[in-house]
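User: I should like to go through this structure term by term, asking in each case what justifies the wording. Please set each value against the criterion behind it.

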Amino acid sequence: MRGSDERSGSLFSYVDLEARVRPDHALRKIREIVNAALDDLSKAFAGLYTDFGRPSIAPERLLRAMLLQAFYGIRSERQLMERLEFDLLFRWFVGLGVDDPVWDHSTFSKNRDRLLEGEIAAKFLSAVMAQPKVKRLLSSDHFSVDGTLIEAWASIKSFRRRDGGDNDSGGPGRNAERSFHKEKRSNKTHQSTTDPEARLYKKGDGQPAKLCYMGHALMENRHGLAVGGIVSQATGTAERETALALIDNCHPRGRRVTLGADKAYDVTQFVHDLRERSVTPHIAIDGHLSKTGVPRKTAVDARSTRHAGYEISQRCRKRIEEVFGWIKSSAGLAKVKLRGRERVDAVFTLALAAYNLIRLPKLLAVQL
């Protein structure tokens, strides 16, 4: 007998959201890890709010919603709120009931900014990696570091002279045409009027210069999980300077560890700074030829290259590109939609935590 296509409305629903999510869904294990980390951040959340006034959105729900935005590559807060309106899986993960109202997108953005400014993202990443069952997965001796460019939310037309000498738009409308022909522009003389902290930079020859930031990640080599991250302004020395800061933050001096990196880190001063920190530099050798055909002098010597671990680190360090690939393609950070280094840093760090979370269910299942 053919079924009817008519829909009969129901006044009440007696099925709990918990029953609508299948027992083996990956988000169940992720939510368990997330909730344990959020419990550890309770005091940090309390410091961001006053004891009077109207209750705001619970920070735990805000963070879970932001993680969903990274997991599913949702482009905007408006689309995220629309998805929360009808998606029962999203409601269950965030902690909303079937009949609970969804927040307005502007209210969500305003409350989200409070978390971004409170350095919660870095604390959340640390809390996730500090969970006992997660900590057993991590290597405490072997790491890799790398940097990637994150395009800023600013047009190249906004890159104007600092002294205001080119404020004349040269055409009608706020987005008037501009000609950069024969105009020499640099970060010393020019600045973006949209995002002043963004810098004009290119990472390789033959590539266009863009207004961007530089994201840095520290990865442990056993399973390729990110254990630290930070965003800096894009400069020629930012990768090496930030790598030292990440090592200092994650591991105290005196403990012997190895650090894998690409040939951009093959600099004498950087290698010297690593050895002072008891860090063995497993850095790729930069042997490119100069214009006269002379090979560049490398700072990596046989103290590192003669060991078998050097070759292993060189293979493992390439996995950090998987981290950057995911946060750019899936989490939507190829071009960040926030302005200011601190806010971009918070979103980048939260994306690193999201990358770890999507990988943890399978890693924990193998461990068990």
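User: Which residues of H8 are called buried, and what makes them so?

Analyst: In this predicted model, the buried residues of H8 are Ile 120, Ala 121, Phe 124, Leu 125, Ala 127, Val 128 and Met 129. The term requires under 20% relative accessible area, and therefore each of these residues falls under that cut-off.

User: Why is H8 called largely enclosed?

Analyst: Helix H8 spans 120-129. Seven of its ten residues are buried, so the rest of the structure largely encloses H8.

User: What makes the space beside H8 a cavity rather than a pocket, and which residues line the largest cavity?

Analyst: A cavity is a set of points where a 1.4 Å probe fits but cannot get out, whereas a pocket is an open set. The search of the whole structure finds two cavities of 30 Å³ or more, and the largest has a volume of about 50 Å³. Its lining consists of Leu 63, Met 66, Leu 115, Leu 116, Ile 120, Ala 121 and Leu 350. H4, H7 and H8 each supply at least two residues of this lining. Ile 120 and Ala 121 are also among the buried residues of H8.

User: How do you know that the lining of the largest cavity is nonpolar?

Analyst: Leu, Met, Ile and Ala count as nonpolar. The lining therefore divides into seven nonpolar, no polar and no charged residues.

User: What is known of the largest pocket, and which elements supply its lining?

Analyst: The largest pocket has a volume of about 740 Å³. Of its 28 lining residues, Ala 122, Ser 126, Val 227, Gly 228 and Cys 250 lie nearest the centre. H7, H8, S6, H10 and H15 each supply at least two lining residues, and H15 gives the largest share, six residues. By class, the lining has 13 nonpolar, eight polar and seven charged residues; Gly 228 is placed with the polar class because Gly is counted there.

User: Why is S6 called largely enclosed?

Analyst: Strand S6 covers residues 226-233, and six of its eight residues are buried, so the rest of the structure largely encloses S6.

User: How do you know that S5 and S6 pair?

Analyst: Pairing requires at least two bridges. Seven bridges join S5 (residues 210-220) to S6, and the two strands run antiparallel; the criterion is therefore met. Met 214 stands opposite Ser 232 in S6. The hairpin of S5 and S6 has five residues between the strands, and Gly 224 takes a positive phi near 75° there.

User: With which strands does S1 pair, and in which sense, parallel or antiparallel?

Analyst: Nine bridges join S1 to S5 in the antiparallel sense, with Thr 148 opposite Gly 215 in S5. S1 and S7 (residues 257-261) pair in the parallel sense over three bridges, and Ser 144 stands opposite Gly 260 in S7. Both counts satisfy the requirement of at least two bridges. S1 (residues 142-151) is mostly covered, with eight of its ten residues buried.

User: What makes the second largest pocket a feature of both domain 1 and domain 2?

Analyst: Its lining draws at least three residues from each of domain 1 (18-117) and domain 2 (139-153 + 212-366). The second largest pocket has a volume of about 370 Å³ and is lined by 19 residues, including Gln 69, Glu 77, Ala 331, Leu 333 and Val 347, which lie nearest its centre. H4, H7 and H15 each supply at least two residues of that lining.

Definitions and conventions. Residues numbered from 1 in each chain as written. Predicted model: local features only at pLDDT ≥ 70, side-chain atom pairs only at ≥ 80, totals over all residues. Heavy atoms only, no water. Buried < 20%, exposed > 50% of the residue type's maximum accessible area, 1.4 Å probe, protein only. Helix = DSSP H or I, 4+ residues; strand = E, 2+ residues; numbered from the N terminus. 1 Å grid on protein atoms, 1.4 Å probe; cavity = no way out; pocket = protein on both sides within 12 Å on 5 of 7 lines; lining within 4 Å. Points joined across faces, edges and corners; volume = space filled by probe spheres on them. Domains from an automatic or database assignment.
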